[in-house]
Amino acid sequence: MLAVRARALFDGVGPGLTERPTVLIENGRIAAVRPGGVPLIGTEVLDLGAATLLPGFIDTHTHLAFDASDDVIGRLTDADDTTLLDRIRSAARAALSAGVTTVRDLGDRGYLTLRLRAETARDPAAGPHVIASGPPLTTARGHCWFLGGQAEGVDGVRAAVRERAERGADLVKVMVTGGDLTPGSDPYSVQYGRDELRAVVDEAHRHGLPVTAHAHAVTGIREAVATGFDTIEHCFFLTETGVDFDRQIIEEMAHRGTTASLTLGALPGGPPPPAHIARRIPSLVTGLATLRASGVRLSLGSDSGIFPVKAHGSYPYGITALADFGFTPAEALRAATSTAALVCGLGDRKGRIAAGYDADLVAVGGDPVADVRAVRDVVAVIRGGVRVG
């Protein structure tokens, strides 16, 4: 048994901190949480001093196969599977060192992240717990077509979903709209018709798999919500000229229990956002407040790997970005822990520091409830009861 001590603890759900906690860990699980408790004689003690303990961060949207270079597509398409898998492993270790103990990977090539999933299950130090979609479904030459997930027509998308189920994927990802990363792709246009989208959802749910939609634009969000997708990635309600947080769609999301997996945050020092993005920020702040007030579940993903400022390991900057967009520190921390665990289908075992939950912990300097920027100062990482950083 291992006893972990710290100055304070955020349990993943409460508004405040528990002072002077002792977390008892046995066989990779949390056995007990004792405020001010004294461990049993003979128990190994890890004293983290003035640090604050939090549940391990959960990244609900990452791309471990992308290397965050200036030529993401070229680097991926030029790499053989051995090289690409090595990069995926490196990306996973970078995420783990930043306190991310679970990732939901939403787009790889050749199902390589499923191989990583097996490796990190055996060895917690190899990387986070992995939830993997495999190649995302997209149209011919559609967004991220180079990952190999092209499928069209009702029969075609059903067959693609069955392939993912047979391969052992944890969920199905669909590029409902185009995206900026892919030349020739339009992020404001819907790639699939309603019959195809309904077929994806029906087939995925028939196999017990959740299904998530790539959709920055309100056009795609509307179609994904109407056809029963479980989660909307990005979900910024963009239009070609601005932002339109359509209240009817938001009310339907709240009614259906559709989650918005927000992808915020970037490393400092990068170029400023383009003018057409910068002028949308005030409307995005207002719109995200509307989502919160309407009761829509909100989680946090990094979209790491797609640009240099979205390097693997940058997840804590997404937590602080949530605060910049109007979330309280506690709301931001929940989006990165307990709520993110629910989105990943792991709400009964991850995202909280409580008895019976996986012993996935991150320790940060300072008090992140008072100043959320403390999450950038990671001083220790524990995954599956093993200190890995």
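This report describes one helix and its surroundings, then the salt bridges and the cysteines of a predicted model.

**The annotated span**

The UniProt record, in an unreviewed entry, places the feature "domain: Amidohydrolase-related" at residues 52–387. In the predicted model this span is 36% helix and 18% strand, and its end C-alpha atoms lie 15 Å apart.

**Helix α7 and its setting**

Helix α7 runs over residues 247–256, and within this helix I249, I250 and M253 are buried. These three residues lie on the same side of α7, because the arc that they cover around the axis is only 100°. The other side of the helix carries R247, Q248, E251 and H255, which are exposed. The packing partners of the buried residues of α7 are two helices, α6 (218–226) and α9 (281–293), together with two strands, β13 (231–238) and β14 (259–263).

Both ends of the helix have a local feature that can be described. At the N-terminal end, D246 acts as a cap, with a side-chain oxygen 2.9 Å from the backbone nitrogen of Q248. Just after α7, G257 adopts a positive phi of about 80°.

**Salt bridges**

The count for the model comes to 20 salt bridges. Three of them are set out below, with the distance between the N and O atoms of each pair and the relative accessibility of each partner.

| Acidic residue | Basic residue | N to O distance |
|---|---|---|
| D358, 7%, buried | R29, 39%, partly exposed | 2.8 Å |
| E223, 15%, buried | R194, 35%, partly exposed | 2.7 Å |
| D246, 18%, buried | R222, 33%, partly exposed | 3.7 Å |

The residue that caps α7, D246, also forms a salt bridge with R222, the closest N and O atoms being 3.7 Å apart. Since D246 lies in the loop between β13 and α7 while R222 belongs to helix α6, the pair ties together parts that are 24 residues apart in sequence. With a relative accessible area of 18%, D246 falls under the 20% limit and is therefore buried, whereas R222, at 33%, counts as partly exposed.

Helix α6 also contributes E223, whose salt bridge with R194 has its closest N and O atoms 2.7 Å apart. R194 lies in helix α5 (residues 194–206), so this pair ties together parts that are 29 residues apart in sequence. E223 is buried, with a relative accessible area of 15%, and R194 is partly exposed at 35%.

The side chains of D358 and R29 meet in a further salt bridge, with a distance of 2.8 Å from N to O. This pair links distant parts of the chain, 329 residues apart, for D358 is in the loop between α12 (338–343) and β16 (361–364) and R29 is in strand β5 (residues 29–35). D358 is buried at 7% relative accessibility, and R29 is partly exposed at 39%. Through shared partners, salt bridges join R29, R349, K350, D358 and D360 into one network.

**Cysteines**

How many disulfides does a search of the whole structure find? The search finds zero disulfides. For C144, the nearest cysteine sulfur is that of C235, 18 Å away, and C144 is buried, with a relative accessible area of 2%. C344 is likewise in no disulfide, and the nearest cysteine sulfur, again that of C235, is 16 Å away. C344 is buried as well, with a relative accessible area of 11%.

Note on methods. Residues are numbered from 1 along each chain as its sequence is written. This is a predicted model: local features need pLDDT of at least 70, side-chain atom pairs count only at pLDDT 80 or more; totals for chains, interfaces and linings use all residues. Side-chain values use heavy atoms; hydrogens and water are left out. Buried means under 20% relative accessible area, exposed over 50%, partly exposed in between (1.4 Å probe, protein chains only). Helices (H or I, at least four residues) and strands (E, at least two) are DSSP runs, numbered from the N terminus. The arc is that of the directions from the helix axis to the C-beta atoms. Contact means heavy atoms within 4.5 Å. A polar contact is a pair of N or O atoms within 3.5 Å; within protein, one must be able to donate a hydrogen and the other to accept it, and residues adjacent in sequence count only if both atoms are side-chain atoms. UniProt positions are given in the numbering used here, feature names are shortened, and annotations may be inferred rather than shown by experiment. A salt bridge is a side-chain nitrogen of Lys or Arg within 4 Å of a carboxyl oxygen of Asp or Glu. A disulfide is a pair of cysteine sulfur atoms within 2.5 Å.
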